[in-house]
Amino acid sequence: MRELEDRYISLLTDFGFKRIFGTAPNKELLICFLNSLFDGAQVIRDVKYLNNEHLGDSGLDRKAIFDVYCEGENGEKFIVEMQNAYQEFFKDRSLFYTTFPIREQAEKGSEWDFRLTHVYTVALLNFDMHEESFDTADICHTVKLCDVKTHKVFYRKLDFIYVEIAKFDKTEDELVTLYDKWLYVLKNLSRLESRPKVLLDKVFDRLFEEAEIAKFTPRELREYEDSRKAYRDLKNSLDTAKREGIAEGMEKGLAEGMERGLAEGLEKGFEKGRLEERRKALAEKQEIARQLLNTGMAAEQVSAIVGLPLEDVQGM
């Protein structure tokens, strides 16, 4: 098998993300990352990994497969997900996923008082979410249940944390906090030819040891290559659809602008470009999903990688 040109794995791939953050031997890396994210608001000293595949109340119910699912020492639950492509109902998906760690806390019998432990959903987004409720100047956004008039937190045991890592653009020289360093690693690890001085902190020793491709077994190398190909196919398809959609939209908009006014034409052109972009992106996702299914990959894994609903993948 040929050797990969990169020295380190990409944490944006399914294989790379789960290797670093989703295995018990590397739990200290997950703990370090989460603590850098919470910045003292929540201190995690230990975690135990839980089953990341969850079924509904019956075999007919929709199931959820988390990238990483773990429990803190005080019983709090953490769902950590890497999302590489925009989904139309991504917020709904986030909410749906939180129902599983909430419902599983229900104790059998009549004595349970409905007391719940904290549930955190951490979504690392390799795209700009374009969410109107977010401050566009920020990268990390924490969503809670609040009163709409007072803006005070109504329920403190449910947090949705969205980190738009695609918007992180600091250079090595600009990295100051541990959180900055983690975001830099998440976005750029596979591009590094050697370990930068700014990342010589002891906490990253394990990361660079586990991420070095030369130390992979043949099986690990095959799995990583498959995961990297799926990631690149997805990103290339989305980038192509975006370029073609914008170009086509501009062309149509300018043509209409000759008759109805340039301003109105441009507005319609951009709108048509966005619609065409979504249509082509969906078609590209479906084609990638078919290719992955043909390799024998499970429908659940294809759904998680490509970002299509499981029932759509199963129907291919």
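**Reading strands, burial and contacts in a predicted model**

Of the 316 residues of the chain, 45% count as buried. The model discussed here is predicted.

Q: How many helices and strands does the chain contain?

A: The chain has 9 helices and 8 strands.

Q: Which way do strands S6 and S8 run relative to each other, parallel or antiparallel?

A: Strand S6, residues 119-125, and strand S8, residues 153-164, run parallel and are joined by 7 bridges. To follow the register, one may begin at Tyr120, which stands opposite Asp159 in S8.

Q: How many bridges join S7 to S8, and in which direction do these strands run?

A: The pairing of S7 (residues 140-146) with S8 is antiparallel and comprises 6 bridges. Here Thr142 stands opposite Ile161 in S8. S8 is thus a partner of S6 in a parallel pairing and of S7 in an antiparallel one.

Q: What lies between S7 and S8, and which residue in the turn has a positive phi?

A: The two strands form a hairpin with 6 residues between them. Within that turn, His151 has a positive phi of about 65°.

Q: Where is Glu131 placed, and why does Glu131 count as buried or exposed?

A: Glu131 belongs to the loop between S6 and S7. Burial is read from relative accessible area, with under 20% counting as buried. Glu131 has a relative accessibility of 15% and therefore counts as buried.

Q: Which side chains make polar contacts with the side chain of Glu131?

A: One is Lys91, whose side chain is joined to that of Glu131 by a polar contact of 2.9 Å. Another is Ser133, where the side-chain contact with Glu131 is 2.8 Å.

Q: How many disulfides does the structure hold?

A: A disulfide is a covalent bond between the sulfur atoms of two cysteines. This structure holds 0 disulfides.

Q: Why do Cys70 and Cys146 fall into their burial classes?

A: Cys70 counts as buried because its relative accessibility is 0%. Cys146 counts as partly exposed because its relative accessibility is 40%. The class of partly exposed residues lies between under 20% and over 50%.

Q: What do the contacts and the surface show for the chain as a whole?

A: Sequence separation indicates how far along the chain the partners in a contact lie. Among contacts between residues at least 6 apart in sequence, 58% join residues at least 24 apart. As for the surface, the chain exposes about 18000 Å², and carbon and sulfur atoms supply 50% of that area.

How values were computed. Residues are numbered from 1 along each chain as its sequence is written. This is a predicted model: local features need pLDDT of at least 70, side-chain atom pairs count only at pLDDT 80 or more; totals for chains, interfaces and linings use all residues. Side-chain values use heavy atoms; hydrogens and water are left out. Two strands pair if DSSP finds at least two bridges between them. Helices (H or I, at least four residues) and strands (E, at least two) are DSSP runs, numbered from the N terminus. Buried means under 20% relative accessible area, exposed over 50%, partly exposed in between (1.4 Å probe, protein chains only). Contact means heavy atoms within 4.5 Å. Accessible areas come from the Shrake-Rupley method with a 1.4 Å probe; for residues, only the protein chains shown count as cover. A disulfide is a pair of cysteine sulfur atoms within 2.5 Å. A polar contact is a pair of N or O atoms within 3.5 Å; within protein, one must be able to donate a hydrogen and the other to accept it, and residues adjacent in sequence count only if both atoms are side-chain atoms.
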